[in-house]
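Work through the exercises below with the sequence and the 3D view open. Try each task before reading its solution.

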Amino acid sequence: MKVVEQIKQPIAHEMELFEQKFSLSMKSKVPLLNRITHYIVNRKGKQMRPMFVFLVAKMLGDERLNDRTYRGASVIELIHTATLVHDDVVDDSYRRRGFFSLNALWKNKIAVLVGDFLLSKGLLLSIDNEDFDLLQIISVAVREMSEGELLQIEKARNLDITEEIYFEIIRQKTATLIAACCAMGACAVHAGKKDVEAMRKFGELIGLAFQIKDDLFDYGTQQIGKPTGIDIKEQKMTLPLIYAVNNSDKKQRKWLINSVKNHNKDKNRVNEVIDYVKKSGGLDYAVDKMVSLQQQALRMLDKYPESQYKDSLILMVNYVIERKK
């Protein structure tokens, strides 16, 4: 059995029910919108974010989930989908998970409007049901994701990213939404403030480890749907590269920065940078940081009683750093 199926096993029924509720949450009176949202639903990914919501809710609550949990998971998935649609427009990307992106099929204007529609649907789902505590969790995540993207754009201009700034960017860009999933799962079943905050932190640690794993793929050989060196071509300062820059002499540092800034389209130069980062110990350093975050996340589960949901969360934490794509 695949790891993702194993993780999903204790919440298989909930995930089936969620898919129905999620489809309904996107319904509109506009036929064009319904065609587009139908396209989105039929090309879903692994749905890790709703899985986090349900597993945390089941671990902290009773065996039966309330409607708030399904609404929380739907809000997360609506917001996540909206950000992906907008990202594809911003990045001028025409593929998503091996399929055409919305902007490739329906052009940028429609894709942006669909993203806005999904965002408003998510927020209204919480407001209409007076889930104001859930709304606050997701609103903070949306604000932080926007700030993280803009911080990365600002820093990419000068490539003056320290390790501290790098972690702040990935905390906001990636980790904040996984943190929101876990906080949402706890909050939806009316867990205490301490548990909600503990689960938020747990999700944040996983999110940070998840992004470092993504950064490492840029230096790997696996076929993951993303060519090697794409981050360098896009002038993204990732952890292995930051380590290499910080641990080089003045001459090498100048060469690295110049390569990323002015020669990022030169395939040979990009490969030279990748080789240099590997030899400098950048990959080993990033792996150590990723494993440290994974271990911290696992320790946070220690205080919770044994259950199949906790086991699935442990599997999920390990999957995040062991995945091949």
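## Exercise 1: Salt bridges

Lys173 and Glu149 meet in a salt bridge, their closest N and O atoms lying 4.0 Å apart. A salt bridge here is a side-chain nitrogen of Lys or Arg within 4 Å of a carboxyl oxygen of Asp or Glu. This is a predicted model: local features need pLDDT of at least 70, side-chain atom pairs count only at pLDDT 80 or more, and totals for chains, interfaces and linings use all residues. Residues are numbered from 1 along each chain as its sequence is written, and side-chain values use heavy atoms, with hydrogens and water left out.

**Task.** Find which helices hold Lys173 and Glu149.

**Solution.**
- Step 1. Lys173 lies in helix H8 and Glu149 in helix H7, so the pair ties together parts 24 residues apart in sequence. Helices are DSSP runs of H or I with at least four residues, numbered from the N terminus.
- Step 2. Check the cover. Lys173 counts as partly exposed because its relative accessibility is 24%. Glu149 is partly exposed too, with a relative accessible area of 29%. The classes are buried (under 20% relative accessible area), exposed (over 50%) and partly exposed (in between), with a 1.4 Å probe and protein chains only.

**Task.** Find the salt-bridge partner of Glu144.

**Solution.**
- Step 1. The partner is Arg171, with the closest N and O atoms 3.1 Å apart.
- Step 2. Glu144 is in helix H7 (residues 132-158) and Arg171 in helix H8 (residues 163-188), 27 residues apart.
- Step 3. Both Glu144 and Arg171 are buried.
- Step 4. Widen the view. Glu144 and Arg171 belong to a network of salt bridges whose members include Arg143, Glu168 and Arg200. The whole structure has 17 salt bridges.

**Task.** Lys310 and Glu306 form a salt bridge (3.0 Å, N to O). Is Lys310 buried or exposed?

**Solution.**
- Step 1. Lys310 has 3% relative accessibility, so Lys310 counts as buried.
- Step 2. Glu306 is exposed, at 62% relative accessible area.

## Exercise 2: Aromatic rings

**Task.** State how many aromatic pairs there are, then describe the pair of Phe18 and Phe22.

**Solution.**
- Step 1. Apply the rule. Rings of Phe, Tyr and Trp (its six-membered ring) pair if their centres lie within 6.5 Å; planes under 30 degrees apart count as stacked, over 60 as edge-to-face and the rest as tilted.
- Step 2. The count is six aromatic pairs.
- Step 3. Phe18 and Phe22 are stacked, at 5.6 Å centre to centre with 15° between the planes.
- Step 4. Phe18 and Phe22 sit four residues apart in helix H2 (residues 12-25), so about one helical turn separates them. Both are buried.
- Step 5. Phe18 and Phe22 join Phe54 and Tyr70 in one aromatic cluster.

## Exercise 3: Cysteines

**Task.** How many disulfides does the structure have?

**Solution.**
- Step 1. A disulfide is a pair of cysteine sulfur atoms within 2.5 Å.
- Step 2. The search of the whole structure finds zero.
- Step 3. Take Cys181. The closest cysteine sulfur, in Cys182, is 6.3 Å from the Cys181 sulfur, which is too far for a bond. Cys181 is buried, at 0% relative accessibility.
- Step 4. Take Cys187. Its nearest cysteine sulfur, again that of Cys182, is 13 Å away, and Cys187 is in no disulfide. Cys187 is buried, with a relative accessible area of 11%.

Conventions. Helix = DSSP H or I, 4+ residues; strand = E, 2+ residues; numbered from the N terminus.
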